[in-house]
Amino acid sequence: MQLEELKQKMKVFPKYPRINPPYKVHWNWDISFKCNYKCSYCEVVRRDEEFNTQIADTEQWKEVWDRIFDNYWCTHVRFSGGEPTIYPNFLKFLGMLLEKHTVDITTNLSFDLNDFLDKVKPGGLSISASFHPEFDDFNKFFEKLKYLHFNGFPSTMSYVGYPPHLDKIPEYKKKLEDLQMYFKIIPFIGNYKDKKYPESYDSREKRLLEGFATDSKDQHLNDMNSRWLEWRVEKEENKEKKESKIKLGKLCRMGQMYAKIHPDLTVTRCCAGYHGVDSGKMGSILDKNFKLHDEPLDCSVNYDCPCFKGMFVGDEEEKWEPLWEALDHPIYKLEYMREYAKILKGKK
Ligand code: SF4
Ligand code: SF4
């Protein structure tokens, strides 16, 4: 494709194009740790007090995310928390964000469906819904999830592998997979009956989780579930052994192709350490001069890398690159950026 033709498709060339896989900046944004549920196994809502959560209005956010678009073109924002949809004016903000970026929301699905459909149009948004049996009814949850999935919002379901909830996994997983929908298991991290998890899963529970992580018809999902399980569960088990996952001093693209936004709007390279600070603070997302790194940098974390999708340069690319696939934007398509990267690399 010629440059002029490509420019017409891309509408505008970014100031700082991302010319390496995954060719798109990924953000993980813990927008706040507040939640309208209080699941007994939840560790995150307790962290709310640690942060001075900053609220900005939709106009302010538009300025920020337009600037990010000008710098890096279409990026992917993955919201988590807490429950993102209880952030003030979240649905209006989401509708605006989707004009230029793609989004995934991890949500307990408690939002009002009519209000959602009113403010958010399909295209570039996927939903990672987590089902929490202490606060929701499965059938109600499943109906809403199906509606969203088959009406333009590709949706998956995740479920915490909390020991007393493990037995329900086969039933839920089958319901989803019968409709070719993804079911993901999140290994439980925390305390249950005075035991620390995930280290304390017994052999039966571990066999169950390993089986569920590999028995889907979809190979991509199996790869994702098994890598996560391996990273979270086996890493804890292998702590005493020497095969650690320490990446200190190795080049990593986190901070260049990925960054984490915290509730107080500080940005760090990844989530290593208290509030991500061990990986390196990069400033505030509200700052007009905020910039990502333009090159991969050495990892500054002297313990096991916490990320199962860590972007290690020259190391395991074949494993982590496919894990960064995201829904495409209806206008700002990834293939254009790939094409642009080819042209720019050819020029070097
Ligand atoms: S829904 Fe999620 S964030 Fe909210 S209390 Fe439950 S586990 Fe925590
Ligand atoms: S801790 Fe892992 S993800 Fe974070 S910068 Fe180091 S290698 Fe990259």
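A cavity is a set of grid points, laid over the protein atoms alone, where a 1.4 Å probe fits but cannot get out, and a molecule sits in such a cavity if more than half of its atoms lie within 2 Å of those points. By this criterion, ligand 2 sits in the largest cavity of the structure, which is a predicted model. The cavity and its ligand make a convenient place to begin.

In total, the structure holds five cavities of 30 Å³ or more. The largest cavity, where ligand 2 is found, has a volume of about 120 Å³. Its lining is made up of 14 residues, and those nearest the centre are Cys252, Met254, Cys270, Cys299 and Cys305. Sorted by class, the lining of this cavity comprises nine nonpolar, three polar and two charged residues.

The shell of ligand 2 can be described in turn. Around this ligand are Lys247, Cys252, Met254, Cys270, Cys299, Val301, Cys305, Pro306 and Phe312. Eight of the shell residues are nonpolar, none is polar and one is charged. Cysteine counts as nonpolar and lysine as charged in this scheme, so the reader can place Cys252, Cys270, Cys299 and Cys305 in the former class and Lys247 in the latter.

Cys305 deserves a closer look, being listed both in the shell of ligand 2 and among the residues nearest the centre of the largest cavity. Cys305 is placed in the loop between strand E13 (297-298) and helix H9 (317-320). Cys305 counts as buried because its relative accessibility is 11%, and the cut-off for that class is under 20%. Along the chain, Cys305 and Gly273 are 32 residues apart, and their C-alpha atoms are separated by 9.9 Å.

Ligand 1 has a shell of its own, formed by Cys35, Tyr37, Lys38, Cys39, Cys42, Val44, Asn108 and His132. By class, this shell divides into five nonpolar, two polar and one charged residues.

Turning from cavities to open sites, the second largest pocket has a volume of about 230 Å³. It is lined by 14 residues, and Pro22, Trp324, Glu325, Leu334 and Arg338 lie nearest its centre. The lining of this pocket contains eight nonpolar, one polar and five charged residues. Pro22, one of the central lining residues, also takes part in a cis peptide bond, which runs from Pro21 to Pro22 with omega near 5°. Pro22 belongs to the loop between helix H1 (3-10) and strand E1 (26-32).

Several details of the backbone are worth pointing out. Most residues other than glycine have a negative phi, and most peptide bonds are trans. Besides the bond from Pro21 to Pro22, a cis peptide bond joins Gly81 and Gly82, with omega of about 20°. Gly82 is located in the loop between strand E2 (76-81) and helix H3 (90-97).

Positive phi values occur at two residues that are not glycines, Leu109, at about 70°, and Asp194, at about 65°. Leu109 is found in the loop between E3 and helix H4 (113-119), while Asp194 is found in the loop between strand E7 (190-192) and strand E8 (195-197). How do these residues stand with respect to solvent accessibility, buried or exposed? Leu109 counts as buried because its relative accessible area is 2%, whereas Asp194 counts as exposed because its relative accessibility is 81%.

A buried acidic side chain is found in strand E3 (residues 102-107), where Asp104 lies. With a relative accessibility of 4%, Asp104 is counted as buried. Which side chains make polar contacts with the side chain of Asp104? One partner is the side chain of Arg78, at 3.3 Å, and another is the side chain of Ser126, at 2.7 Å.

Gln180 offers an example of an exposed loop residue. Gln180 lies between helix H6 (169-178) and strand E6 (183-187), and Gln180 is exposed because its relative accessible area is 66%, the cut-off being over 50%. The C-alpha atoms of Gln180 and Trp61 are separated by 35 Å, with their positions 119 residues apart along the chain.

Terms used: Residues are numbered from 1 along each chain as its sequence is written. Chains are lettered from A and ligands numbered from 1 in the order in which they are written. This is a predicted model: local features need pLDDT of at least 70, side-chain atom pairs count only at pLDDT 80 or more; totals for chains, interfaces and linings use all residues. Side-chain values use heavy atoms; hydrogens and water are left out. A residue is near a molecule or strand if one of its heavy atoms lies within 4 Å of it. On a 1 Å grid over the protein atoms alone, a cavity is a set of points where a 1.4 Å probe fits but cannot get out, and a pocket is an open set with protein on both sides within 12 Å along at least five of seven lines; lining residues have an atom within 4 Å of a point. Grid points are joined across faces, edges and corners, and a volume is the space filled by probe spheres set on the points. Helices (H or I, at least four residues) and strands (E, at least two) are DSSP runs, numbered from the N terminus. Buried means under 20% relative accessible area, exposed over 50%, partly exposed in between (1.4 Å probe, protein chains only). A polar contact is a pair of N or O atoms within 3.5 Å; within protein, one must be able to donate a hydrogen and the other to accept it, and residues adjacent in sequence count only if both atoms are side-chain atoms.
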